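Here are some short exercises to help you find your way around a new structure. Try each one yourself before you read the worked solution.

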2 protein chains.
Amino acid sequence: MTFMQSLAAAWQKNDSLLCVGLDPDPAKFPAHLQGRDDAIFEFCKTIIDSTADLVCSFKPQIAYFAARRAEDQLEALIDHIHATHPGIPVILDAKRGDIGSTAEQYAVEAFERFKADAITVNPYMGRDSVEPYLAWPDKGVILLCRTSNPGGSDLQFLDVGGEKLFERVARLVASEWNTTGQCALVVGATFPAEIARVRQLTGDLPLLVPGIGAQGGDIEATVRAGKTANGTGLMINSSRAILYAGKDEAFGAAARAAARETRDAINRHR
Amino acid sequence: MTFMQSLAAAWQKNDSLLCVGLDPDPAKFPAHLQGRDDAIFEFCKTIIDSTADLVCSFKPQIAYFAARRAEDQLEALIDHIHATHPGIPVILDAKRGDIGSTAEQYAVEAFERFKADAITVNPYMGRDSVEPYLAWPDKGVILLCRTSNPGGSDLQFLDVGGEKLFERVARLVASEWNTTGQCALVVGATFPAEIARVRQLTGDLPLLVPGIGAQGGDIEATVRAGKTANGTGLMINSSRAILYAGKDEAFGAAARAAARETRDAINRHR
């Protein structure tokens, strides 16, 4: 199955638009995992196994692994998801962006080494920096469009001739770059009006939406602005609010409760 | 010494504006290195030891290491440069770009794990995605401005109100983001007029210039457009033309000859 097919199937099967972000920070792990060599793997594995029937995707953030020489644990985690929870797509949040010959190397890293189903990519270097990822026809390519951080407006909100830069990115991707149907966009939950604008510009293109929970985005406004006609089209990411819902050995159960609550809160507005 | 001090010292000591890019592709290695587990390290070490007195910096491209699970060889190479060729700064070409809490992890990866002296960063997510790197006062942060690939114009050439997006990035970095003096910019050699414009907008800010050699940029036009009043201000990158100048066991000598020729060609126009 392609990424897009897996995503559509997971939306249905788990009745969920929730994406759980895996941003493992060992300083926040429960005491019984502290100091273990495989703490990152064990922590994330518990989160995954506790929430896999409640999500439409998992999104490991590679920086948290790379900062700690834990690429092997990331490989093992993605293997675990594919083996134990088949059909749940894995988005490698790497925000890569480079010229073609180097982008090919990043595609090998994401799709062959880590076996991710999709990768996040930065559009600043233009179409030919994105195309190498599309050479993998089963994979998804999720382009930054409008990001949820305060500085996101510095460039993305510039007027580029009657529209803002993020609107131009949305239009370029939807009308020119997405020739193979593999593309999606990142649009932050902190700006519901802009989610609505991107939805208007891109038809049914899937949107990855970070920024609910710790970053303050409103679930109802996000869902109403971004859902497609059939009530899907969104991967609404939550990381810290789920990963660190519990602080002791029962953190898996706490994460499950938080994930279910978030999924259900999303579903009330679909 | 800070990155900026090391760079200035290397410009003088080696009388060179040449940056050698380390983009190791095992398929292009000489036969005697094929199949060795440490082939990437040995290949790059020979390049480094053959050219270190002819360059102002080395620039390993992390994608080539990550695609082959060779982060350990990248760590060893940067250790080798610092131990054997002290004073030559190492730029980790990673083009990272993410929100603050994740950017902190990427900064740990680049500066603590790999011990790079500078990192390349993508500006699309704005100022707060750049600031975490500046918390390391000895390090350099080199922002993408105008890139040398064909698609570079897709966004960077958009008019954002009387100037192009890459000009806005240059002005933002020079006048607002570079409060600590740690910033530099990437400007491709394929556009000399744009190098001249960025130089005009940024005073003496160092410019990392890829795109000579295999990508077709003209050395004379690049140097004339980008040099500062004292004949420095540039890190002119060459990768493939130096790495693969030779195809047999004498590839180090061939790389040295190519590096010397490129350095001298640059110096004729300073």
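## Exercise 1: A helix and its cover

What covers the buried residues of helix 1 of chain B? Among the elements that do so are strand 2 (57-60), strand 4 (118-121) and strand 5 (140-146) of chain B. Please keep in mind that this is a predicted model.

Task: find which residues of helix 1 of chain B are buried, and where they sit around the helix.

Solution, step by step:
- Start with the helix, which spans residues 3-13 of chain B; its buried residues are Phe3(B), Ser6(B), Leu7(B), Ala10(B) and Trp11(B).
- These cover an arc of only 135° around the axis, so they lie on the same side of helix 1 of chain B.
- Now turn to the face that points away from the buried side: there you meet the exposed residues Gln5(B), Gln12(B) and Lys13(B).
- Finally, look just after the helix, where Asp15(B) takes a positive phi of about 45°.

## Exercise 2: A covered strand

Task: decide how many residues of strand 3 of chain A are buried, and find its partner strand.

Solution, step by step:
- Strand 3 of chain A runs over residues 91-96, and six of its six residues are buried.
- Sort them by direction: Ile91(A), Asp93(A) and Lys95(A) point one way, Leu92(A), Ala94(A) and Arg96(A) the other way, and all are buried.
- In a regular strand, side chains alternate between the two faces of the sheet.
- Next comes the pairing: strand 3 of chain A joins strand 4 (residues 118-121) of chain A in the parallel sense, over three bridges. Within strand 4 of chain A, Ala118(A) is the bridge partner of Ile91(A).

## Exercise 3: Two lysines with positive phi

Task: for Lys95(A) and Lys115(B), say whether each is buried or partly exposed.

Solution, step by step:
- Lys95(A) has a phi near 50°, a positive value in a residue other than glycine, and its place is in strand 3 of chain A.
- Count its surroundings: 28 other C-beta atoms lie within 10 Å of Lys95(A), so this residue is buried, the cut-off being 20 or more.
- Lys115(B) has a phi near 60°, again positive in a residue other than glycine, and is found in the loop between helix 5 (100-113) and strand 4 of chain B.
- With 14 other C-beta atoms within 10 Å, Lys115(B) is partly exposed.

## Exercise 4: How the two chains meet

Task: work out how chain A is related to chain B, and which parts of chain A touch chain B.

Solution, step by step:
- A rotation of 180°, with 0.0 Å of shift along its axis, superposes chain A on chain B with an RMSD of 0.0 Å. The two copies are therefore related as by a two-fold rotation axis.
- In chain A, Val160(A) has the C-alpha nearest the axis, 2.4 Å from it.
- Now count contacts: 42 residues of chain A are in contact with 42 residues of chain B.
- Helix 3 (62-66), helix 5 (100-113), helix 7 (153-156) and helix 8 (165-177) of chain A each supply at least two residues of the side that touches chain B. The largest share, seven residues, comes from helix 5 of chain A.
- By class, this side of chain A has 17 nonpolar, 14 polar and eleven charged residues.
- Since 100% of the interface residues of chain A are also interface residues in chain B, the copies meet through the same surface.

Note on methods:
Residues are numbered from 1 along each chain as its sequence is written. Chains are lettered from A and ligands numbered from 1 in the order in which they are written. This is a predicted model: local features need pLDDT of at least 70, side-chain atom pairs count only at pLDDT 80 or more; totals for chains, interfaces and linings use all residues. Two residues are in contact if their C-beta atoms, placed from the backbone, lie within 7 Å. Helices (H or I, at least four residues) and strands (E, at least two) are DSSP runs, numbered from the N terminus. Ala, Val, Leu, Ile, Met, Phe, Trp, Tyr, Cys and Pro count as nonpolar, Asp, Glu, Lys and Arg as charged, and the others, Gly among them, as polar. A residue is buried if 20 or more other C-beta atoms lie within 10 Å of its own, exposed if 12 or fewer, and partly exposed in between; C-beta atoms are placed from the backbone. The arc is that of the directions from the helix axis to the C-beta atoms. Copies are superposed by least squares on the C-alpha atoms of residues with pLDDT of at least 70 in both. Two strands pair if DSSP finds at least two bridges between them.
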